[in-house]
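Q: Could you take a close look at one single part of this model with me? I would like a connected picture of its surroundings.

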Amino acid sequence: MGGAQTADLPPVPTENAAVGVRPLALLDSLEAGPLKEKLSQCVGQEMKVSDWSIGHRGAPLEFPEHSRESYIAAARQGAGVIECDVAFTKDRELVCRHAQCDLATTTDILTRPELASKCSDPFTPADAANGVEATATCCTSDLTLAEFMTLNAKMDSSDKTATTAEAFQGGNPTWRSTLYSPGTVMSHKDYIQLIKGLGRKFTPELKTPEVEMPYEGDYSQEAYAAQMIEDYKEAGVPASDVYPQSFLLDDVKYWIENYPEFGQQAVYLDDRYETLEGFDPMKPETFQPTMQELAESGVKIVAPPLWMLVTAGENGAIVPSPYADEAKAAGLDIITWSLERSGPLAGGGGWYYQSISDVVDSDGDMLRLLDTLANDTGVIGVFSDWPATTTFFANCLGLGMAE
């Protein structure tokens with residue numbers, strides 16, 4: 001269960017980045033015009049690490065998310081900031097998982113009988129005749145840290161038509177790869193040591209618990225939020241290298257009040273599209289609290305999904321949304337998520353591109369979206385499932401580069 005120490009770090013350049021062919025393939029499919037001409041001038045130039053490029057769960061387009069291998073891939077692709085979603089185990093240790101109860105779809109737990117038996121809701125096969133889908137719920141809090149660390153990470157997927165636990169492991173989207181599976185799961189402390197050794201910055205997200213809090217009666221939300229920050233202090237990581245995140249505004253306010261040095265870069269992940277009835281990013285009158293009220297409460301960074309920041313303009317343009325305009329007017333910095341998370345843009349791009357689905361028709365349009373986010377919206381960082389793309393773009397425009 002040993003963490004990644006400097007002595008066993010893989011070869012990852014501290015300053016340079018290897019972006020590979022994907023950004024160039026996107027550029028090839030971009031429509032002719034000034035943006036394509038500008039980006040084409042960057043082809044072949046040396047690429048540097050950029051803090052504008054954020055590894056969303058590492059590089060999970062091809063590597064199992066929140067695995068050691070995924071983090072290393074993100075670092076090699078030039079992500080200056082790399083994410084660990086933080087959940088807690090049965091013995092209250094912190095680990096990197098996108099959700100507290102996603103182990104059935106992101107690890108091999110269901111094929112490990114001694115651990116599968118500990119799942120909150122064990123595997124139930126599909127019953128096609130009665131229209132019943134296969135299900136399983138396995139949580140980090142079902143396992144001790146020692147048990148969790150024996151798991152293998154896999155691409156996040158499931159086959160809901162499965163009649164066996166082995167078959168349930170399938171269902172990977174055709175546009176993601178299983179070539180680099182399985183992966184090595186990570187504790188939060190191991191993640192800190194790895195990312196520190198690679199010379200990158202951190203963006204841990206305190207995942208909203210899926211068990212009743214206080215957990216077992218005495219592990220409160222505040223204790224959980226404090227524990228995450230204390231791990232960085234114990235490791236000697238400066239607050240300036242950490243961007244703690246949460247969808248819960250109370251968590252962000254807790255850090256601002258109790259860990260003000262870390263609270264300066266605390267990120268409010270905005271999911272009011274789900275939690276606030278009537279919320280519409282195109283209608284500022286529906287924002288509660290308002291952007292100004294968020295700023296007055298001490299929040300300095302908001303992070304909505306991509307689609308909330310943009311809308312379709314005239315002649316097929318991608319333009320900033322009223323949400324983006326209001327955030328900027330209130331003096332808030334903006335980070336957004338997550339590029340390359342959903343399917344090909346030829347079909348509209350899925351959930352992340354819903355506000356511009358009518359004006360995108362190829363993956364090259366991701367570069368048009370980045371152009372709007374950088375130049376018109378002024379975001380300070382973009383999460384991507386393949387950070388080579390955001391690294392390439394950031395280098396071309398000189399975004400987030402070390403001084």
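Why does Gln-265 count as buried or exposed?

A: Happy to walk through this with you. This is a predicted model, in which local features need pLDDT of at least 70 and side-chain atom pairs count only at pLDDT 80 or more, while totals for chains, interfaces and linings use all residues. Residues are numbered from 1 along each chain as its sequence is written, and side-chain values use heavy atoms, with hydrogens and water left out.

Gln-265 counts as buried because its relative accessibility is 17%; buried means under 20% relative accessible area, exposed over 50%, and partly exposed in between, with a 1.4 Å probe and protein chains only. To place the residue, look in the loop between helix H11 (260-263) and strand S12 (267-269). Helices (H or I, at least four residues) and strands (E, at least two) are DSSP runs, numbered from the N terminus.

Now for the neighbours. Setting aside those within four places in sequence, Gln-265 is in contact (heavy atoms within 4.5 Å) with Ala-239, Ser-240, Asp-241, Val-242, Tyr-243, Pro-244 and Ile-301. Of these, Ser-240 deserves a zoom: its backbone oxygen lies 3.1 Å from a polar atom of the Gln-265 side chain. For a view across the model, turn to Ile-318, 53 residues from Gln-265 along the chain; the C-alpha atoms of the two are separated by 28 Å.

For another example of burial, try helix H3 (residues 68-76), where seven of the nine residues are buried. Among them are Arg-68, Tyr-71 and Ile-72, and what covers the buried residues of H3 includes strand S3 (50-55) and helix H8 (188-198).

Notes
A polar contact is a pair of N or O atoms within 3.5 Å; within protein, one must be able to donate a hydrogen and the other to accept it, and residues adjacent in sequence count only if both atoms are side-chain atoms.
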